[in-house]
Amino acid sequence: MIKVNNLVFEYPGKRVLHNLSFSISAQRICALVGPNGAGKTTLLRCIAALDRPFSGRIDVAGIDVHQSPRLSHKNIGYLADFFGLYERLTVVQSLKYMTNAYGIAPSQQKEAINWVIERLGLTEHKHKKAEQLSRGLRQRLGIAKAMIHKPELLILDEPASGLDPEARHDLSELMVELKNAGMTLLVSSHILAELEEYSDEMLIIRDGKIVDHQQQIQSSDKDDVMVQITTLTRSNDIYQYLSRQQKCTQIEVNDQTIHFCTPADDHYLHELMVTLLNMKFPIVEFFKVQHTMQHNYLQSVKRGDK
Amino acid sequence: MNPELKRNVWLDSTPFRQVIIPAAVSLFLYLAFALSEKSLGASSMAIISVLTFMVIMIFWGARSVSDSMMDEINQHTWDFQRMSAMGAWSMTWGKLVGSSLYPWFPASIALCVYIVSAWQLVPAVFLVKTSIILFAIAIFSLGFSLLNTLFILRKTNKSSSRQTNSINLVLGIYLLAVMYPLLNNFTSRNQEWYGEMYSFIDFALYTSLVFTAWVIIAVYRLMRQELQYQNSPLVWLIFIGFQLVYWSGFNFVYNANPTLAILFMSLILTWFGLYFSDNHLTTLRRFTLSVSNKQWLSAWRYTPLWCVSYVIFFASAVTFITYNTQTNAVVFAMSCLFFMLRDISIVLFFNINKRHGKTDSSALIITLILYLLLPPILQLMNAESLLFMFIPGEIIDAPSQNWAHILPALLQALIMWILVIRSYRKQWQIAH
């Protein structure tokens, strides 16, 4: 769906993206993560054909986005991190405007508006003006405007920022729903725990360079699990013991905390815990770490540092 | 219906907005009518309605257009529009008409009142032509306002209502000051152009239509850039050609020294192109990279406007030298060429070195100091003989050439270009 080749973006006197090349398959949700100033927004804006790169090529659904920006926009929906709404227009008017702007045939406009209103849970609010909507509803309207033309690729820049937990959960469900409906999503966010709920792959960028492109987040999540052990005092013996276990990988010791990866097999975990306790290691906590994405991200960033 | 137009119809379709301003304008015109019946005279109603139309469109309409565009940027809705499938042309006319939809209501009332009140005073053809001119002035003002807003947006990457409104106000006052007396004088005047006499109203009609068309073309071109299309400087080249042909037709040029006038006009157009051009470092790098890679089509697309203008300016200088053999034309023309090179390099220097703050305005201030402040100071110090250091020397009827007078311009241009090239290389290294 997205093919990026040797993408370079520069502001005067500063190179923001350095020769990025990657591709993302159709019907996937790719999380774009990285620290502030890494170049995430610039990359998203280049893919959306809103900013022109210095060099390189971006194809979305087989169209060179900078050669044919208007044509490519028929396949792309984009929601910026800071977006605005026409405050004095109602939800329906805002969406009607977008159907006109996207050149959707008049006979199909009503259907498109109803589809997006239903999908985004805006039915009860469709006659409210944008200025009367809550933050969460505004976000939904923003997404609705970005996807009303049923794009093949939906790009969302920090879509969950400022949302309450319930709205975030709804958003996560929506992402999966959209993916299942055939869309490809590229989502940038700082909240890795949330990205983990729906992302298939993770693209990590730092200082304008790709640090890692993990193409299997969810499946590895199913097969493996990250375990954290906290000990009373620092214990090298546990580390040595775990290192000898074939099923324990990616072992990391950080003072009194040990992280390692094992197969997601509860019987094995039970046996391991009993063994460690029998060996009288000073264990205080033993639990599965939920946010493997965060762990993977930090691992990748550390590798990048080295 | 154009999406932009429709959106503005929704926004302006509140009963209050639909009634209040047209009512206010109607009452004002009625008051003018009542007064004109009693004391102001028969033609005063026509004058007041024309003035009302011009004030509404030139000031209020233009302001509405720029405010609407700036709102899009400040309220972060512009990206939604840029992501849509609307083309540059649809966006251009949608914004021009849509954003000014509301001022058009009272302005149309004023125009109707003008037609009715002038019906008995002037021939119908004249009335139609005047109405078209008024319409063209209105569109010109709206177009210029949008052009101005897009231009500032492209130059500074943000909207500036203070800057935009100030420029609009100056243009508005100028248009009102120039056009209003002309509109009152149409019947009694003729205009000479390339030695032929034309009725003034016809000349004004065609001129206003053509200049309005150029403003709309310029808006369209900037809109294309906003939508990520690449513009080549071809249209700019045609614009220069049009300007040279248009202004050369007036008798103050036609009967004077045409080659000097063309040299002067191409100099102004190069200056204009210099400030209108996209002089961002990244664009300059794209241009130089395309040239060094011999990608000529890409190089042509990224060619700065001042480059094209300078070529025309150079050709004008050669023509001037060819036809003015009895004067010290070579020194004058070459000084002009070098001073222009220096001015270009000043603008580029500030654009490349962003740390100096506002790039174009800083360059403009430096250039104005060099041209407008230093020469009078030299004159005050009784050092007129040194004026050639800052302005091209006078053209005198002497075939002998004082070659030394070229040196200051050449040296200044050389020094500035060395600084530009050094800064350019430095920024290149920083970027890598």
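Which residue of chain A forms a salt bridge with Asp79(B)? Keep that in mind while you get your bearings; one thing to know before clicking around is that this is a predicted model.

**Stop 1: the salt bridge**

Select Asp79(B) and look across to chain A. Its partner is Arg45(A), and the closest N and O atoms of the two are 2.6 Å apart. The count of salt bridges between chain B and chain A is two, so named here because each one brings a side-chain nitrogen of Lys or Arg within 4 Å of a carboxyl oxygen of Asp or Glu.

**Stop 2: the whole interface**

Now widen the selection to everything where the two chains touch. You should pick up 34 residues from chain B and 41 residues from chain A. Putting the chains together buries about 3600 Å², and carbon and sulfur atoms give 58% of that area. On the chain B side, highlight Phe80(B), Met83(B) and Gln228(B): these lose the most area to chain A, together 24% of what that side buries.

Next, switch on polar contacts. Across the interface of chain B and chain A there are 21 residue pairs in polar contact, counting pairs with both residues at pLDDT 80 or more.

Which elements of chain B give two or more residues to the side that touches chain A? Colour helix 1 (3-12), helix 4 (78-83), helix 13 (281-292) and helix 18 (407-431) of chain B, and you have them. Helix 1 of chain B gives the most, with six residues. If you colour this side of chain B by residue type, it divides into 15 nonpolar, ten polar and nine charged residues.

**Stop 3: rings inside chain B**

Time to leave the interface and look at aromatic side chains. Over all chains, the structure holds 35 aromatic pairs. Select Phe203(B) and Tyr246(B) for one of them: the pair is stacked, 6.2 Å centre to centre, with 25° between the planes. Phe203(B) sits in helix 9 (residues 200-226) of chain B and Tyr246(B) in helix 10 (residues 234-248) of chain B, so this pair links distant parts of the chain, 43 residues apart.

Are these two rings buried or exposed? Phe203(B) counts as buried because its relative accessibility is 12%, and Tyr246(B) is buried too, at 10%.

Keep Phe203(B) selected and add Phe250(B). This pair is edge-to-face, 5.7 Å centre to centre and 85° between the planes. Phe250(B) lies in the loop between helix 10 and helix 11 (251-254) of chain B, while Phe203(B) is in helix 9, so the pair ties together parts that are 47 residues apart in sequence. Phe250(B), like Phe203(B), is buried.

Notes:
Residues numbered from 1 in each chain as written. Chains lettered and ligands numbered in written order. Predicted model: local features only at pLDDT ≥ 70, side-chain atom pairs only at ≥ 80, totals over all residues. Heavy atoms only, no water. Contact = heavy atoms within 4.5 Å. Buried area = accessible area lost by both parts, 1.4 Å probe. Polar contact = N/O pair within 3.5 Å; in protein donor to acceptor, adjacent residues only side chain to side chain. Helix = DSSP H or I, 4+ residues; strand = E, 2+ residues; numbered from the N terminus. Nonpolar A, V, L, I, M, F, W, Y, C, P; charged D, E, K, R; others polar. Phe/Tyr/Trp six-rings, centres within 6.5 Å; stacked < 30°, edge-to-face > 60°. Buried < 20%, exposed > 50% of the residue type's maximum accessible area, 1.4 Å probe, protein only.
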